[in-house]
Amino acid sequence: MAAPSHPQEDELSAKTLQKRYEGLVTVRTRAIKGKGAWYWIHLEPILFQNQDTGVAKAVKLRCGLCSALFSASNPSRTASEHLKRGTCPNFNGAVSNPISSVPPKTITPASTSQNRKRSALTLPQAAIPLAMIGTPRPSSEAVRFSSPTPLVLSGGKEDLGALAMLEDSVKKLKSPGGKGGPGQILSKSQVETALNLLAEWLYESCGTVSFSCVEHPKFKAFLNQVGLPPISRKYVAAEKLDAKYEEVRNESDAKLRDAMFFQLASDGWKKKNLAYGDNLVNLTLNLPNGTSLFRKALFTNGVVPAKYVEETIWETITGICGATVERCVGIVADTDKHKTKALRELERKNCWMVNLTCQVQGFSSLLKDFHKHSSLFRSAASDCFKLATFFNSKHPASTYFQKYQMQEMDHIKLFRLPPDPPFANNNFPYNYAMMEDVVNSARILQLTVLDESFKVFYADDPVGRELADMIQDIRFWNDLDAVLSLVKLIRMMVQDVEADRPLVGQCLPLWDELKTKVKDWCAKYNIDEGPVKEIIEKRFAKNYHPAWAAAFILDPLYLVRDSSGKYLPPFKCLTAEQEKDVDKIITRLVFRDEAHIALMELMKWRAEGLDPLYAQAVQVKQPDPVTGKMKTANPQSSRLVWETCLSEFKVLGKVAIRLIFLHATSCGLKCNWSFMRWVYTHGHSRAAMDKAQKMIFIASHARLERRDFVNEEEKDAELFADGEDDVLSDVFADPAM
């Protein structure tokens, strides 16, 4: 005999069912907002109650597509069996995101089946609540439009779009308060966050993406698709821009106030933009903790005198520091030989400053030096100029050459030639492009001069015979390969310096690395090392600053372990003159009455060095996550060591922490051509220039924060660039050649 049911047990069971029902409703509500499983869009919890007592009797799941009922014990299994396996006649297999939903209703049917199997129970149509907008339900309209009979409209296929709009309007009317459209409902904070990110992306693009794009029909459709409201270009270009600028400016000023001192970096004084009249000069602040802050941008036009550079930099310093100009401990700029006078003059007037020229500029100038002074470079350029001119303009040589171009490359292309005079100092980029074209056409040139028709036609032409002999002479190609190899070597050094942004203590090791690589290059191509070394030494002397040697000695990163186990400064790596430079700059950077103390502490540093444990900790390296190169694990440790465990060096320590954080490059940010074109077009408008300054500030702040120093055009060029091939090796590996 079955035990009688006690009222307390029934009450406990009803509470459990009620709690289960409320839990399912909560889960479904969150899922509809995008924070749960997909199937809750179609499954709705139903609480069944006793008709007489109102006590909860069972919890079921109702399918919103076919009104079938299931047990609520395992919703995931129900979704798999009923929806995914095709049991539901109205489920089309698509996982959709509803825009809104109506809270589930509590249903009290007159009688319910007590069958515990996972079988479908069908409710009367009148008891089916509206589950959500956009979810198809059994209705006369749904049956009619899902009929296999093709739908014929009087307006033809063009009526389908209007019909979709009609159905969308019907769905909106069926769900009062609901919002139509394919996107999901976003909270106010989510919308604000999304629009903030969109605006920041527009500002950081700095002209690459036009503000007008936000009003493009396709972009509006996209915003609607993801549930965002439309925005106007005036909103993005006015109040939103002003608010974002103030936010970023305040953040930057707060970081600057926390820093005891800084270095001013100025980039853009050398003319880079040849297409438009204006040139962009960036003024950035390097802080001791490794952070860089954008300060402002200047637009210059034409030749800028050294005095203007000096006045502009000094005005920036006083604008930041006021009367305490000693906070600016140095300047680094990409000035040429004329504008470098401004840096020297500022250093002479302010003895606490260390003013440096950019190392990227120094290495890049080496290419011009070789183009101007190297007989190998000039000879290779001259031969290529003769060859390129001949095959560009002489008939029928150009015809034979173009025939083999079509055969090998499927297109015709003339050699790029430098402007007159072809071998001027500023024409090196054009000459390099010409030599690259010649190397890339090596096989085609070989095929051309081996052509029987070419041989017959130019048998009596001295120029044609000379060029044919030169093209078949392995020495010409070896010399050309040597020139391009050296250019590539130096350019790789420039790219590494731009990417790594070395500090001043790394200048001497960088130049030693370059000299070693060039020495290996001389040995590989059997080049006389003397003239090459002389060119490099002259450029080194023009760029050298005594602070290079002092920072190299004071930075614990470069300490060398001797035979006794001590970590000592690398004085052995310096020349006698560089050792004297260390003493001179240290005494210049301290008060006159502290100079002798500084020299005594320098002697102690030279003799004792740093505790081995701390030295090893400073010199720990780890692979860079982007490039894979080994880099210092904690770049700030060199300065922190001087401020903590080397605090006994009262005077020398002050010099060390102000020297070793200085940057050796000024190249931080690169402006894209789109923005320069925009400035060139709207530069006459004061309001437009004000907006430009704010955009530059926001974009530069963000890029410096994430250390992104490459503009969009360069990234696109890398994306679409073809892999480099060793053309000469391919040509001379061919037996026919």
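In this predicted model, the count of salt bridges comes to 32. Side chains of opposite charge can pair when their charged atoms come close. A few of these pairs serve as a way into the structure.

One of them joins K694 to D242, with 2.7 Å between the closest N and O atoms. This salt bridge ties together distant parts of the chain, since K694 belongs to helix α28 (residues 686–705) and D242 to helix α8 (residues 239–258), with 452 residues separating the two. The two partners fall into separate accessibility classes. K694 has a relative accessible area of 14% and therefore counts as buried, the limit being under 20%. D242, at 34% relative accessibility, is partly exposed.

Helix α8 also holds a salt bridge within itself. The side chains of R249 and D253 meet there, at 3.9 Å from N to O. Both residues lie in α8, 4 residues apart, which is about one turn of the helix. R249 is buried because its relative accessible area is 18%, below the 20% limit. D253, with 22% relative accessibility, counts as partly exposed.

A further pair sits in helix α22 (residues 576–588), which contains both K580 and E577. The closest N and O atoms of this salt bridge are 3.8 Å apart, and the partners are 3 residues apart in sequence, about one turn of the helix. K580 is partly exposed, at 46% relative accessibility. Salt bridges can also share partners: E200, K244 and E247 are joined into one network in this way.

The next topic is the packing of two helices. How do the axes of helix α11 (residues 359–373) and helix α20 (residues 529–543) cross? They come within 10 Å of each other and cross at roughly 145 degrees, and the crossing of α11 past α20 is right-handed. On the α11 side, the contact is made by Q359, G362, S365, L366, D369, F370 and H373. On the α20 side, V532, I535, I536, R539 and N543 take part. Sorted by class, the residues of this contact are 5 nonpolar, 5 polar and 2 charged.

Two residues from that contact appear again around S374. This serine is placed in the loop between α11 and α12 (375–393). Apart from neighbours within four places in sequence, S374 is in contact with D369 and I535; D369 belongs to the α11 side of the helix contact and I535 to the α20 side. Is S374 buried or exposed? S374 is buried, because its relative accessible area of 11% is under 20%.

The nonpolar interior remains. The largest nonpolar core has 110 residues, and L387, F391, L480, L554, W605 and W642 are those with the most contacts inside it. Helix α18 (residues 474–500) gives the most to this core, contributing 13 residues. The surroundings of W642 can be listed. Leaving aside neighbours within four places in sequence, W642 is in contact with L554 and W605, both of which are also among the core residues with the most contacts. The other contacts of W642 are P556, S647, F649, L652, G653, A656, I657 and I660. A second core, separate from the largest one, has 27 residues, including L198, A199, F294 and I698.

Terms used:
Residues numbered from 1 in each chain as written. Predicted model: local features only at pLDDT ≥ 70, side-chain atom pairs only at ≥ 80, totals over all residues. Heavy atoms only, no water. Axes fitted to C-alpha atoms, helices over the stretch in contact; angles between N-to-C directions. Left-handed = near helix turned anticlockwise from the far one by under 90°. Contact = heavy atoms within 4.5 Å. Nonpolar A, V, L, I, M, F, W, Y, C, P; charged D, E, K, R; others polar. Salt bridge = Lys/Arg side-chain N within 4 Å of Asp/Glu carboxyl O. Buried < 20%, exposed > 50% of the residue type's maximum accessible area, 1.4 Å probe, protein only. Core = buried A, V, L, I, M, F, W, Y, C linked by side-chain atoms within 4.5 Å.
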